[in-house]
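Here is a quick walk through a two-chain model, for anyone who would like to get their bearings before opening a viewer. Have a look at the structure first, then read on.

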Amino acid sequence: MVDALNRARRWLKAPSGRIIDLRPAHVVPDVELGLPDGSIAHVGGLLVDDERRQRHLAADLAVLTVVRRRLLSVTGEQEFSFYRYPDSADELRDYIATKWQHTHLDAVTHRRAGEMMRADPGARLWLREQVAIRTLLPEARS
Amino acid sequence: MIIDPEEHEVDALLARLPAVDRCVVVEVGCGDGRLTRRYSRHVGTVLAVDPDQAALAAFRKDGIPGNVEVREMPIDRLALPDESVDAVLFSWAL
C-alpha cells in the first residue's frame, strides 16, 4: 500500500494534484432500523473476518508511513455515514453474501432485523458504514 | 438495494477535486463503477482501474461513460507519465 501511494504521488501534477483516500473509517458496519417516530434502533453489527480487520489496519499504517516519510501530508479529513437500504433482512443478507468477501450478516442479527420489521411495518432497515475521506498532498518529489 | 441515495459520498468527493470540470482522475478500485458513474459526469476524464474481471464486466455491461477509460489491472501494473494527473482516487481500495 505504501508503494501504491508513492506511485500515485509521482503521477500528480504540481502544484494542485492530490490523492484522495476514500474508505470505511470503522471496521464494523451497523445494521439499524429507522422507526416511524424518528428514532433509530440498533439491530446489530456485521461479523467481520480477521482479513478485513488486518486490511483496515494496514491501510491506516500505510497512510501513517507516507506521512512520516514526508512523501505526503494529510490536509483534510471528513467522515460521513454511508447508507444501503434493502427492502428486507433477506435482501441484506443476500447482498452481503454476494458482494462482500470478509463480512457476514450473522443469523441472530438477520432474524432480529426481520422480527423488528414485522413488528413495526413502518420501519426502514439500513446498513450504515462510517466512511472517511481524506486528501493527501505531495510533500516532496524525488 | 438502494445505495447512498443521499449522495454523501459523491458530494464529499467532488468537494475535494481540483478544477473539477477539467479534472483528470485516476480511480483505483473502480469495481462495478457504482461511484465512477456518479462523479464522472462532473469531471474531465477518468481512467478507472481494477484487477477484478467480474466487477469490470458488470461495469461494462451497463455501458461505460464517454469520458471514462477502464483498464483491468492492479495499480502496480499501471504505467503513467509523472505529473500527468490531477487526482488519484483510492476508491474503497487502500
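First, a bit of vocabulary: helices (H or I, at least four residues) and strands (E, at least two) are DSSP runs, numbered from the N terminus. With that in hand, Trp92(B) is easy to place, as it lies in the segment after β5 of chain B. Keep in mind that this is a predicted model.

**Chain B: parallel strands**

Let's start with strand β3 of chain B, residues 45–50. This strand is mostly covered, with 5 of its 6 residues buried. On one hand, β3(B) pairs with β2(B) (residues 24–28) in parallel, through 5 bridges. Here Val26(B) sits opposite Leu47(B). To get from β2(B) to β3(B), the chain passes through helix α2 of chain B (residues 34–40), and this β-α-β crossover is right-handed.

On the other hand, β3(B) also pairs with β4(B) (residues 68–72), again parallel and over 5 bridges. Asp50(B) has Glu72(B) in β4(B) as its bridge partner. Helix α3 of chain B (residues 53–61) joins β3(B) and β4(B) in a right-handed β-α-β unit.

**Chain A: a hairpin and a covered strand**

Over in chain A, strand β2 (residues 30–34) has 5 of its 5 residues buried. Which residues lie on each side of β2(A)? Asp30(A), Glu32(A) and Gly34(A) are on one face, Val31(A) and Leu33(A) are on the other, and all are buried.

β2(A) is joined to β3(A) (residues 40–45) by 5 bridges, and the two run antiparallel. Asp30(A) stands opposite Gly45(A) there. The pair makes a hairpin with 5 residues in between, and Gly38(A) in the turn has a positive phi of about 95 degrees. β2(A) also has 5 bridges to β7(A), likewise antiparallel, with Gly34(A) partnered by Arg124(A).

**Chain A: helices**

Helix α1 of chain A (residues 2–11) has these buried residues: Val2(A), Ala4(A), Leu5(A), Ala8(A), Arg9(A) and Trp11(A). What covers them? The cover includes β1, α2, β5 and β7 of chain A, together with β2 and β5 of chain B.

Further along, the axes of α3(A) (residues 89–99) and α4(A) (residues 107–119) come within 9 Å and cross at roughly 150 degrees. Angles over 145 count as roughly antiparallel, so that is what α3(A) and α4(A) are to each other. The contact involves Ala89(A), Asp90(A) and Arg93(A) from α3(A), and His110(A), Ala113(A), Gly114(A) and Met117(A) from α4(A). Sorted by class, that contact has 3 nonpolar, 2 polar and 2 charged residues.

**Backbone oddities**

A few spots are worth a look in the viewer. In chain A, a cis peptide bond joins Ala14(A) and Pro15(A), with omega about 0 degrees. Pro15(A) is in the loop between α1 and β1 of chain A. Chain B has two non-glycine residues with positive phi, shown here:

| Residue | Phi | Relative accessible area |
|---|---|---|
| Asp4(B) | about 45 degrees | 0% |
| Trp92(B) | near 55 degrees | 25% |

Asp4(B) is found in the loop between β1 and α1 of chain B. Are Asp4(B) and Trp92(B) buried or partly exposed? Buried means under 20% relative accessible area, so Asp4(B), at 0%, is buried, while Trp92(B), at 25%, is partly exposed.

Technical notes
Residues are numbered from 1 along each chain as its sequence is written. Chains are lettered from A and ligands numbered from 1 in the order in which they are written. This is a predicted model: local features need pLDDT of at least 70, side-chain atom pairs count only at pLDDT 80 or more; totals for chains, interfaces and linings use all residues. Side-chain values use heavy atoms; hydrogens and water are left out. Axes are lines fitted to C-alpha atoms, for helices over the stretch in contact, and angles run from 0 to 180 degrees between N-to-C directions. Angles under 35 degrees count as roughly parallel, over 145 as roughly antiparallel, 65 to 115 as roughly perpendicular and the rest as oblique. Contact means heavy atoms within 4.5 Å. Ala, Val, Leu, Ile, Met, Phe, Trp, Tyr, Cys and Pro count as nonpolar, Asp, Glu, Lys and Arg as charged, and the others, Gly among them, as polar. Buried means under 20% relative accessible area, exposed over 50%, partly exposed in between (1.4 Å probe, protein chains only). Two strands pair if DSSP finds at least two bridges between them. A crossover is right-handed if, with the strands pointing away from the viewer, the path from the first strand over the helix to the second runs clockwise.
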